[in-house]
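Visitor: Please show me the structure. I would like to ask how each term applied to it is justified.

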Amino acid sequence: METIVSIKPLLAVLVSLMVVPILASSRAPNVREAWTFVAAGVKFLIVLSMLPIILKGTEIVYTIAEFVPGAAIQFRVDAFGMLFALVSSSLWIVTTAYSIGYMRALKEHSQTRYFVFFAVALSATVGVAFSANLLTMYLFYEMLSFATYPLVTHHQDKEARSSGRKYLLYIVGTSIGLVLPAMLICYNLTGTLEFGKQGFMAGAGASKGLIGLLMVMLVFGFAKAAIMPFHSWLPAAMVAPTPVSALLHAVAVVKVGVFSVVRVITCVFGTNLLLSLDLGTIIVFAASVTILVGSFIALSQDGLKRMLAFSTIAQLSYVVLGVGLLSPKGMTGGMVHIAMHAFGKITLFFCAGAIFVATGKKNMSDMVGIGRRMPITMTAFFIGALSIIGMPPCGGFISKWYLVLGALQAHQIPVLVVLLFSSLLNAAYFMPFVYRAFFCKPEEAMFEDTIKEAPPFCVVPLVVTAIISIILLFYPQPFVRLASMMVQSITGA
Amino acid sequence: MADIVSTVVANYNYWIYITLMMIGLYAIIAKNNLVKKIVGMNIFQTAIILFYVSIGVKKGATIPILEHAHGGHGYGVVHAAEYANPLPHVLMLTAIVVGVATLGVALALAIRVYNEYNTLEEDEILAQIREE
Amino acid sequence: MSSQYPALIVAVPLLAGLLVFIAGWVNKKWCFPIAVAALGISAYSSIGLLFRVINEGVIVYKMGGWDPPMGIAYYVDHLNGLVLVVVSVVAFLNAIASKRSIEDEFPDNIGAFYSLYVLMVTGLLGIVVTGDAFNLYVLLEIAALTGYGLIAMGGGRGPLSALNYLYMGTIGACFYLLGIGYLYIMTGSLNMVDIARILPDLYQSKAVMAAFIICMVGVWIKMAFFPLHAWLPNAYTYAPSASSSLVAPLVTKVMIYVMIRLILTVFTPEFSFNILAVSQPIVWLAVIAIVMGALLALKERNLKKMLTYIIVAEVGYMVGGAWLGNRVGMTGAILHIVNDALMTLCVFMAVGNIVYKVKGADFEDLQGLFRKMPFTMGAFVVGAMSMIGVPPTCGFFSKWYLISGAIQAGHYGFMVALVFSSLVNVVLFFRIFEICYYEPFSDDHGHGDEHGHHPEPAMDEAPVTMLVPLFVIAVILVLVGLYTGDIVNQIIDVAIPKGLV
């Protein structure tokens with residue numbers, strides 16, 4: 001594998017941190033938001049400028065400081081990291097636009113703080129994407145946990161406090177309580193934390209029991225992935241303003257979680273090791289349970305955002321499931337699903353927020369007939385829902401297709417059943433709502449028959465992400481390409 | 001039995017210092033009056049000083065001033081066994097100074113405490129603190 | 001000039017201590033500049049010294065030109081070179097930061113305060129730099145006596161707490177002296193290097209073992225190692241801010257240094273860990289110290305007192321790390337001396353700022369502080385992150401070494417205790433953050449037009465002279481974290497004898 005040394009990964013991480021002082025000091029909202037846009041744009045461009053290099057099969061490396069051999073604060077951009085960085089940096093631009101519309105329309109307080117921590121969170125996200133080893137990943141993972149805390153608890157009321165507690169308890173409790181010791185045990189076994197394509201634990205010669213224990217600690221320890229039983233912070237975090245929820249679910253937090261889990265499976269332990277010890281089954285089992293239980297709970301929810309939250313819990317486990325299958329197609333599907341789900345889910349959250357901005361409604365039972373009042377928003381919602389269910393003409397179809405192929409490739413018929421059944425469940429919790437929004441009887445409709453959308457800053461972003469979701473079906477490159485590059489380098493095929 | 005007795009008797013200086021130490025420690029822990037505690041602390045320190053002084057002593061030795069130092073024979077050969085070891089004694093000069101300083105600071109603090117609570121009895125002070 | 005650094009480090013503040021006291025009578029305005037200048041020279045010299053040690057190796061300085069073992073020699077190697085820098089820099093920064101609060105809290109006693117302050121730093125620096133076991137006792141008492149004075153200056157419960165500290169401190173110092181007495185009986189020397197040279201033949205002697213244990217107990221009392229910690233929380237809580245932010249970061253850490261010096265130099269790791277064979281129980285004691293420190297901190301409703309119990313837990317980190325009996329654990333303990341001193345300074349300085357403005361550190365006083373004092377709280381967050389052990393702040397890296405050491409030694413109890421204490425620290429600090437961030441709750445937190453009508457207290461930040469040192473220390477926390485590799489490779493690794501693997 002060819003590598004080049006470049007400062008670009010560091011720049012991509014730092015660019016949003018660098019605007020923080022400007023954001024914090026400026027009193028004029030317009031200046032502040034303009035700077036956020038500049039930072040988001042520059043970040044995206046830096047990430048984009050690395051894309052051709054990565055697609056050529058080269059990796060970019062940059063070391064900040066090495067404190068013990070094998071554990072440095074170091075960046076390494078590979079195909080999988082690139083995939084995730086592309087998703088998150090591009091969606092930051094959209095989310096920024098949406099945030100402006102949402103926060104201004106609701107006259108939220110402390111908007112400066114909001115934009116500052118948003119920027120820090122994005123730095124951390126890209127940092128995770130570009131991490132070269134477990135230590136660096138842990139560093140940015142923790143940074144993200146603490147940077148998102150003020151965002152989740154933005155309302156600063158009692159409800160926010162109790163949700164914030166839950167959030168920290170799960171996220172920080174697991175990362176310090178499980179990941180930190182597991183990481184150190186790994187380091188003391190192998191003398192390195194450097195991600196390897198075959199996994200750095202492969203040559204450790206540890207017993208199956210120890211490897212299994214470490215894997216469980218690491219996979220569940222990255223609780224942002226919301227694998228059950230460490231999932232309930234996610235619905236609690238729904239007290240946050242909607243753009244934050246969108247960020248949490250689509251861009252940063254949960255995706256950082258699954259990204260970390262995938263990294264652990266592929267680059268810490270390696271597929272060969274897990275296959276030979278037959279440990280993938282544990283992951284597949286946990287993920288399958290999460291998918292089914294999450295979907296069932298989503299079915300019973302009335303709060304739109306809560307329903308989306310449980311949907312996310314289920315969808316995240318698709319990624320974990322795909323990679324846990326340890327078959328090339330399955331892993332490709334899992335990785336691609338990070339991108340596909342991101343665009344679909346962010347659309348859904350944007351819609352939920354837009355409805356809230358325009359009508360102040362949070363529950364689906366209060367939204368009957370909303371489609372006539374907000375047709376653009378609800379159309380976008382429909383597209384997003386299709387993408388999550390995995391139906392054409394949306395990008396979600398691609399990843400689900402790969403996942404099904406992966407299950408076949410791994411000869412895991414039960415997984416196939418789980419996948420198909422959960423798609424049904426997805427349809428079951430999305431479609432009645434969409435149907436009643438558009439096709440309810442006139443006397444049932446809760447809204448006047450005039451079109452009144454949310455402000456343009458809210459609507460344009462959700463239209464953009466909905467359109468991208470559709471485009472992704474026809475041009476799933478470069479995500480599929482990046483994912484299969486990564487899988488190739490893992491399996492050597 | 002005789003062995004133990006003779007060992008104990010031969011090392012009587014250790015037994016004295018340990019006894020003194022324990023008396024001091026007891027006073028610090030058990031006494032209720034702050035000044036009594038301070039006295040106990042001082043006894044504790046003095047025990048250590050006694051220990052040091054006693055280890056410098058040798059049987060039949062004299063004070064460590066060289067005989068004939070200024071005589072016609074020059075410095076001559078010094079037989080260490082003839083002199084008590086001066087070093088522990090010198091050290092204890094310093095330790096005594098430290099002890100006095102500690103005592104001074106302790107008494108000064110006790111006065112401050114008295115001004116604050118109008119008593120030096122620990123239980124009364126604690127009762128006042130609890131009432132606050 | 002630079003060859004006199006070891007003497008200057010101690011002599012300059014010693015003289016300044018007297019000068020400041022005289023200046024206090026003449027004109028109070030001179031006290032601060034003299035004290036800061038002296039501490040500055042100390043800090044500068046110690047940094048210079050550390051770099052000389054890194055380049056040239058151990059420096060021996062004979063006081064007045066007398067050869068050891070008759071004269072007193074100052075040995076500066078990598079270990080105390082590092083601790084010297086920490087002590088002098090912490091003292092220097094705190095002196096600058098606390099100017100306003102000193103003027104505020106006891107305007108009449110400025111001369112006395114700075115005199116005690118500088119003398120205490122002299123004592124601490126002396127403890128670190130000296131190579132003579134008895135000299136160490138004297139300096140120990142200098143640092144302690146001035147410390148009692150500094151703590152008692154606060155009034156209120158200060159004098160009583162100082163008095164209790166004095167009893168314990170004196171007992172601790174006496175124990176140390178007693179242990180040294182036994183060593184003197186056995187070796188006839190008080191020079192550390194000399195003792196170390198003579199001792200190996202006497203390792204089986206019961207008297208030497210007793211001497212070691214007695215010294216250790218003395219040092220443990222002085223560092224507040226659980227269950228000998230009872231004096232610490234009150235003494236540090238009721239001290240005035242300027243004193244507590246000097247005493248809290250340094251005293252316990254310097255005593256840890258003394259313990260490590262005894263283990264590594266006076267005795268050898270071979271004796272301490274193998275012949276004595278008490279490592280296991282001591283590490284378990286450290287585990288108890290960590291857990292109890294964390295639990296006791298949980299029940300406190302005063303920020304300053306809570307932090308003092310965290311110090312008790314942190315002492316457990318370092319004692320445990322040092323006694324794991326392997327190189328990594330020892331590295332962690334030494335690194336944590338540096339890191340813990342810096343992060344304790346950071347949080348105590350922040351508390352100093354809060355007390356200066358809000359006049360209290362009870363939990364109820366902290367409401368709305370993120371609005372009132374955003375800069376102070378920002379630095380406080382950095383310090384708290386370091387105490388929790390979040391990378392890239394330095395606290396993470398020493399925890400890394402400590403946990404690694406525990407794993408290598410197979411002592412999983414210690415590992416669990418460290419992780420547990422990190423988790424408790426999360427709870428402790430986020431409880432503070434919650435109060436500062438959410439409270440006072442607004443009556444109405446509905447959405448719509450009413451939204452955002454939080455009772456927003458106006459910004460009321462501490463003066464710049466208090467903020468700048470605080471920021472400096474917060475930045476240092478991150479920088480030390482990032483340069484951990486260099487500190488460990490170039491300093492700590494050299495400081496630990498080759499025999500310890």
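Guide: Start with residues 444-453 of chain C, where pLDDT stays under 50. The model nevertheless has 15 contacts for this stretch beyond four places in sequence.

Visitor: What is pLDDT, and what counts as a contact?

Guide: pLDDT is the predictor's confidence in each residue, from 0 to 100. Two residues are in contact if their C-beta atoms, placed from the backbone, lie within 7 Å. This is a predicted model, in which local features need pLDDT of at least 70 and side-chain atom pairs count only at pLDDT 80 or more, while totals for chains, interfaces and linings use all residues. Residues are numbered from 1 along each chain as its sequence is written, and chains are lettered from A and ligands numbered from 1 in the order in which they are written.

Visitor: What pLDDT does chain C average?

Guide: Chain C averages 87, and 96% of its residues score at least 70. For the complex, the predictor gives an ipTM of 0.89 and a pTM of 0.90.

Visitor: Why does the radius of gyration of chain C agree with a compact globule?

Guide: The radius is taken over C-alpha atoms, and the globule rule is 2.2 Å times the number of residues to the power 0.38. For 501 residues a compact globule would have a radius near 23 Å; chain C has 22 Å, so the two agree. The C-alpha trace of chain C spans about 85 × 60 × 45 Å along its principal axes.

Visitor: What secondary structure does chain C have, and what makes a run a helix or a strand?

Guide: Helices (H or I, at least four residues) and strands (E, at least two) are DSSP runs, numbered from the N terminus. Chain C has 21 helices and two strands.

Visitor: Why does K372(C) count as buried?

Guide: A residue is buried if 20 or more other C-beta atoms lie within 10 Å of its own, exposed if 12 or fewer, and partly exposed in between, with C-beta atoms placed from the backbone. K372(C) has 21 C-beta neighbours inside 10 Å, so it is buried. K372(C) lies in helix α16 (residues 369-372) of chain C. Its C-alpha atom is 6.3 Å from that of E461(C), although the two are 89 residues apart along the chain. Across chain C, buried residues make up 65% of the 501.

Visitor: Why is chain A called as compact as a globular protein of its length?

Guide: Chain A comes to 21 helices and three strands. Its radius of gyration is 21 Å, close to the 23 Å that the globule rule gives for 493 residues, so the description holds. Buried residues make up 62% of those 493.

Visitor: How do you know what span to expect of helix α19 of chain A?

Guide: The expected span is 1.5 Å times one less than the number of residues. Helix α19 (residues 413-439) has 27 residues, for which 39 Å is expected, and it reaches 38 Å from its first C-alpha to its last. Helix α3 (residues 29-55) of chain A also has 27 residues and reaches 39 Å.

Visitor: Where does α19(A) bend?

Guide: A bend is the angle between axes fitted to the seven residues ending at a residue and the seven starting there. In α19(A) the bend is about 30° at F430(A), with a proline, P432(A), following within four residues. F430(A) is among the buried residues of α19(A), which also include V415(A), L419(A) and Y429(A). The buried residues of this helix pack against α13, α14, α16, α17 and α18 of chain A.

Visitor: Which chains share the most contacts?

Guide: Of the two pairs of chains in contact, A and C share the most. The contact takes 30 residues from chain A and 29 residues from chain C. On the chain A side, the largest share, 13 residues, comes from α7(A).

Visitor: How many residues of that chain A side are nonpolar, polar and charged?

Guide: Ala, Val, Leu, Ile, Met, Phe, Trp, Tyr, Cys and Pro count as nonpolar, Asp, Glu, Lys and Arg as charged, and the others, Gly among them, as polar. By that rule, the side of chain A that touches chain C has 16 nonpolar, seven polar and seven charged residues.

Visitor: Where does chain B fit in?

Guide: The contact between chains C and B takes 21 residues from chain C and 25 residues from chain B. On the chain C side, α7(C) gives the most, with 13 residues. Chain A and chain B do not touch; their nearest C-alpha atoms are 32 Å apart.
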